Amino acid sequence: MFRGQPKGLFALALANTGERFGYYTMLAIFMLFLQAKFGWGGATASQLYAGFLAAVYFMPVIGGWLADRIGYGRCVVAGISVMFTGYFLLAVPTAANGLGIALMVGALLLISIGTGLFKGNLQVMVGNLYDAPEYAAKRDSAFSLFYMAINIGAMFAPFAATAITNRFLSGAGLIYKADIPVLAHQALDGSISADNASRLAEFANMMPGDGIGSMNAVEFSSYYIGHLSEAYNMGFAVACISLVLSICIYFACRPWFKHADVNAKQAKKAAGAQPDTLTPAQTKSRVIALCLVFAVVIFFWMAFHQNGQSLTWFARDYTMSTAEGWSRLGFNIWILALIAVSVYTLFGIAQSKTSGAKLICGIVTAILWGGAYWLYKGMPDVLEIQPQLFQQFNPFFVVALTPVSMAIFSALASKKTSSHPNGLEPSAPKKIAFGMIVAALGYLLMIMASIGQQSPAELGGMVSPDPVVPAYLMGTYLILTFAELLLSPMGISFVSKVAPPKYKGLMMGLWFAATAVGNYLSSIPGLLWDKVPLWANWAILMSLCLIAAAIMVAMLRKIEAATE
């Protein structure tokens with residue numbers, strides 16, 4: 001799996017891991033921050049959240065266009081610097097007024113611009129490593145490994161965000177309760193009912209800090225919202241630290257990938273480094289094929305990027321706030337990490353060429369499983385969980401399942417027949433179509449979880465009196481991860497392979513632009529959240545995935561013919 005890959009892949013992957021850890025730490029709590037600090041409803045918070053995601057994924061178009069002219073490495077370094085400034089501003093506590101909102105939006109804009117300069121161009125450099133003939137056959141597996149590295153950072157992000165939030169709340173004598181922000185804002189604006197005022201008083205008495213239980217409703221509400229918001233601010237500050245680590249890795253390992261930091265103009269000037277040339281007709285057909293793929297995957301990203309909003313709301317309002325039995329495993333990040341590593345050591349047993357190496361991998365696997373069991377036995381029988389922790393399942397599944405998907409596709413590629421001389425591995429467009437069908441199954445599970453539940457409007461911002469077990473969301477994230485592995489790393493690899501040399505940065509940017517449009521459209525469930533039955537949100541997303549899959553299947557022959 002790792003054998004035969006250029007060293008530059010690992011350097012660029014690690015640099016991206018640090019950046020993604022900071023980004024997903026911020027994203028894990030951003031929606032909760034918006035609603036807690038400003039008291040915004042789902043529709044308003046969802047619009048800003050989706051707009052930010054859209055900007056993050058649209059800016060690579062500009063970043064790619066610029067890199068095609070001045071170079072990928074320059075844009076990557078500039079991007080990290082701009083992102084650092086944005087995260088620093090976001091970490092500064094402000095008042096919940098117009099100025100505070102303006103400063104927050106400015107910080108989000110800087111993060112978006114910096115990500116646009118960084119994200120796509122780093123991935124173009126990864127693709128450039130595989131333009132060399134000796135590495136060309138490893139392009140798809142390389143992007144799977146690169147994608148896995150991204151998700152290592154994302155896997156630890158919700159844990160980090162939760163730990164920091166709890167640490168700063170504890171310092172103020174507080175504990176997290178999902179109901180309090182809504183009740184507190186009702187108390188602050190004078191709209192709280194007698195029943196809700198009684199509930200708020202009960203929550204105040206639960207707080208471990210001295211004197212908090214004796215505060216009146218307004219004092220407690222202001223105290224709680226202020227400290228919770230500042231705790232989230234400290235979570236955002238983690239991104240600044242992770243970006244410093246990323247830039248250190250980038251410069252320390254630059255000799256490993258310096259030869260890949262070359263655009264078409266720079267390649268023409270380098271002796272013996274002429275890029276492949278295409279006829280105008282070939283260039284046009286490839287660009288059209290890529291744009292068709294971009295248009296279709298919009299629907300996938302619209303459905304997939306619900307983890308930070310509607311799926312987190314479901315975790316907060318409709319899912320038990322405690323875990324029991326085997327499900328507790330999923331809420332200890334160290335157990336998940338040990339399990340993920342054990343998947344790789346198991347593959348090491350199968351792939352090692354000597355009996356000694358197989359034995360070592362077997363011993364390490366046993367130690368990892370023993371450690372996971374020891375941690376599991378030390379957990380409380382009933383574990384308190386917070387809604388953002390569910391967001392660690394998707395990256396965990398990506399990390400754990402990447403070698404499985406690579407092994408399956410490698411086995412299919414090796415099965416060569418007279419009618420399939422290149423093997424039975426499906427093309428990237430076919431994988432994308434199948435990924436959309438799998439995503440639809442994920443939302444079918446959410447429909448099943450929502451049957452019989454009150455609508456969000458009926459709950460009025462409170463928690464369901466009959467929440468479902470965590471297994472529903474865990475299963476949904478597992479299914480959506482299968483879909484993601486079929487679509488995202490394969491799509492990035494497809495773009496890096498098919499894009500005409502002089503448009504590589506722009507085409508990678510357009511891939512992210514399609515993601516941007518999907519991210520913005522992901523606000524639709526948020527806009528409908530208080531207006532339709534709960535199950536209807538998931539039914540809309542499931543239907544869109546199936547329609548997109550049907551369109552992709554209908555265009556397969558045209559896309560594959562244009563890219564041969």
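Modeller: A charge counts as sitting over a ring if NZ of Lys or CZ of Arg is within 6 Å of the ring centre and within 35 degrees of the ring normal. This is a predicted model, in which local features need pLDDT of at least 70 and side-chain atom pairs count only at pLDDT 80 or more, while totals for chains, interfaces and linings use all residues. Residues are numbered from 1 along each chain as its sequence is written, and side-chain values use heavy atoms, without hydrogens and water.

Biologist: Which residue lies over the face of Phe409?

Modeller: The ring to look at is that of Phe409, and the distance to its centre is 3.9 Å. The residue placed over this face is Lys431.

Biologist: How far from the ring centre of Tyr23 is the charged end of Arg20?

Modeller: Tyr23 also belongs to a cluster linked by ring pairs, including Tyr24, Phe30, Trp40 and Phe236. Over the ring of Tyr23 sits the charged end of Arg20, and its distance from the centre is 4.1 Å.

Biologist: How many aromatic pairs does the structure hold?

Modeller: Rings of Phe, Tyr and Trp (its six-membered ring) pair if their centres lie within 6.5 Å, with planes under 30 degrees apart called stacked, over 60 edge-to-face and the rest tilted. Counted in this way, the aromatic pairs in the structure number 31.

Biologist: What angle lies between the planes of Phe314 and Trp538, and how many residues apart are the two?

Modeller: Phe314 and Trp538 form an edge-to-face pair, 6.1 Å from centre to centre, with 80 degrees between the planes. The pair links distant parts of the chain, since Phe314 is in helix α12 (residues 310–317) and Trp538 is in helix α21 (residues 534–562), helices being DSSP runs of H or I with at least four residues, numbered from the N terminus. Along the chain, the separation in residues is 224.

Biologist: Are Phe314 and Trp538 buried or exposed?

Modeller: Buried means under 20% relative accessible area, exposed over 50%, and partly exposed in between (1.4 Å probe, protein chains only). By that measure, both Phe314 and Trp538 are buried.

Biologist: Why is α12 described as largely enclosed by the rest of the structure?

Modeller: The buried residues of α12 include Ser310, Trp313, Arg316 and Asp317, along with Phe314. The helix is largely enclosed because the number of its eight residues that are buried is eight.

Biologist: What relative accessibility does Phe390 have?

Modeller: Phe390 forms a tilted pair with Phe393, at 6.0 Å centre to centre and with 55 degrees between the planes. Its partner Phe393 counts as buried, at 2% relative accessibility. Phe390 likewise counts as buried, because its relative accessibility is 2%.
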